[in-house]
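Me: I'd like a close look at a single part of this model. Please also show me how that part fits in with its surroundings.

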Amino acid sequence: MIVVQGPHKALVVVYYILAVCGIIGSIIFLILNFLYRNTKVICLTTPLLSYIITSGALLMYLSVFLGLLPSTKKAVIRMQCNIHVWLYGVGYLLVYGTLLAKMWRVYQIFHNPNSNKTILKTWHLMCVVFSVTGVGVLLILARSVAQALTDPDLVTNKENPEGATGSDIQKFNKVWQCYGSGSAPFYLDLVIFVYLGLLQVVGIILAFQTRKVKIPILNDSKSVTALIYISSIVLVVIVLISFILNEYVNVRAVMFYGGIILLATIFLALIFIPKVISLHRDPAGNEIFSDIDDPSKRAEKCEIKGNHNNIAVGLAELTDSEMVPSG
């Protein structure tokens, strides 16, 4: 007798609860960002980009619901193998692509500022986000086509390969995996992870180049650096799980979906909690540029060379508005 198994029910319930909490947190941040979108603290970080980040995090949380959907039917497993990758893959690319765009803009403003430099506006940043996400979408699309042409494999559950043995019946425990090693989806998954690794390298370079910009509400280098380190570790774990431990159904569920929840939560926490704190301490945004206004602190706080007035113009253009920040 062959018994097809899925993740333990208690594990599914716990992760569903965590995912629901993450979705609620994303919606709260989304509402706060909308309500305070006209304040200086939120304007300078471009509300539209914040909407994209929360949307990406929501997709990552939703992927947990779909990936852990209790089912042992082949047709449902095939659907999960395709749509699940779209949810967490596109969600991650939206979040991380937006962070790269934000870092690129800060780099452009503070790196050798001059009067002839083109100021990056919101539509420039949207092009970056869509380009980063677009390449990933093409790779995921190719993977989905390959997955559609590949039947999921029914393999032995190595956590509990054999069940109780009767006088004339022996039970074998099996689990579904999306594809076998050496198949087309296998290699395309490798390509996707290589692409994500290259994005990590770009993020590290931008974080290093903008590490001396000391305007916390603008400079995400520390947050991005922390996110890069954490996401790199999580991605390595996901790669190992995807290619090595697929036959350990509960171990895979704990580490794979736990990694997705951890990434989405850390993205939201490191990006939005500092905003909420700044908004609480300085609702009008009067303290954002206070150090730059003091000529004696400019070199110490900004560590930049060039015309300070040009930097101010660049900062004023951050939201494509007429708001001119002090200093």
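How many residues does α4 have, and how far does α4 reach from its first C-alpha to its last?

Reply: Start with the kind of model. It is predicted: local features need pLDDT of at least 70, side-chain atom pairs count only at pLDDT 80 or more, and totals for chains, interfaces and linings use all residues. Residues are numbered from 1 along each chain as its sequence is written, and side-chain values use heavy atoms, with hydrogens and water left out.

Now to your helix. α4 has 37 residues. From its first C-alpha to its last, α4 reaches 54 Å. That is close to the 54 Å expected at 1.5 Å a residue. (The expected span is 1.5 Å times one less than the number of residues.) In the chain, α4 runs over 74–110. Helices here are DSSP runs of H or I with at least four residues, and strands are E runs of at least two, numbered from the N terminus. The protein chain holds eleven helices and four strands.

Is α4 enclosed or open? Of its 37 residues, 27 are buried, so α4 is largely enclosed by the rest of the structure. Buried means under 20% relative accessible area, exposed over 50%, and partly exposed in between, with a 1.4 Å probe and protein chains only. For the whole protein chain of 327 residues, 47% count as buried.

What lies around α4? Go to the largest nonpolar core. (A nonpolar core is a set of buried Ala, Val, Leu, Ile, Met, Phe, Trp, Tyr and Cys residues joined through side-chain atoms within 4.5 Å.) This core has 59 residues. Tyr 92 is among those with the most contacts inside it, and so are Val 64, Leu 196, Leu 199, Tyr 257, Ile 260 and Phe 267. α4 gives two or more residues to this core, as do α1, α3, α5, α6, α7 and α8.

Follow Tyr 257 out of that list. Not counting residues up to four places away in sequence, Tyr 257 touches His 84, along with Tyr 15, Ser 63, Val 64, Gly 67, Leu 68 and Arg 252. Contact means heavy atoms within 4.5 Å. Val 64 thus appears twice in this picture: it is a core residue with many partners, and it touches Tyr 257.

Next comes the largest cavity. (A cavity is a set of points, on a 1 Å grid over the protein atoms alone, where a 1.4 Å probe fits but cannot get out; lining residues have an atom within 4 Å of a point.) The lining has 18 residues. Tyr 88, Gly 89, Ile 192, Phe 193 and Leu 196 lie nearest the cavity's centre. α4 supplies at least two residues of the lining. So do α5, α6, α7 and α8.

Now take the partner helices. α5 covers 122–148. Gly 136 sits in α5. Its relative accessibility is 3%, so Gly 136 counts as buried. The C-alpha atoms of Gly 136 and Val 90 are 7.3 Å apart, although 46 residues separate the two along the chain. Leaving aside neighbours within four places in sequence, Gly 136 is in contact with Leu 93 and Tyr 195. Val 145 is also in α5. Here the setting changes: at 46% relative accessibility, Val 145 counts as partly exposed. Val 145 and Asn 82 are 63 residues apart in sequence, and their C-alpha atoms are 8.8 Å apart.

α6 has 26 residues, which should span 38 Å at 1.5 Å a residue, and its end C-alpha atoms are indeed 38 Å apart. Its buried residues include Ile 192, Phe 193, Tyr 195, Leu 196 and Leu 199. Two of these you have just met: Leu 196 has many contacts in the core, while Tyr 195 is in contact with Gly 136.

α3 has 21 residues. It reaches 30 Å from first C-alpha to last, close to the 30 Å expected. α3 is mostly covered, with 15 of its 21 residues buried.

α1 shows both settings. Asn 33 is in α1 and, at 3% relative accessibility, counts as buried. Leaving aside neighbours within four places in sequence, Asn 33 is in contact with Ile 42, Pro 47, Ser 50, Tyr 51 and Lys 275. Cys 21 is in α1 too, but at 46% relative accessibility it counts as partly exposed.

Finally, step back to the chain. Among contacts with a separation of 6 or more, 79% are between residues 24 or more positions apart. As for your helix, α4 is largely enclosed, helps build the largest core and helps line the largest cavity.

Note on methods. On a 1 Å grid over the protein atoms alone, a cavity is a set of points where a 1.4 Å probe fits but cannot get out, and a pocket is an open set with protein on both sides within 12 Å along at least five of seven lines; lining residues have an atom within 4 Å of a point.
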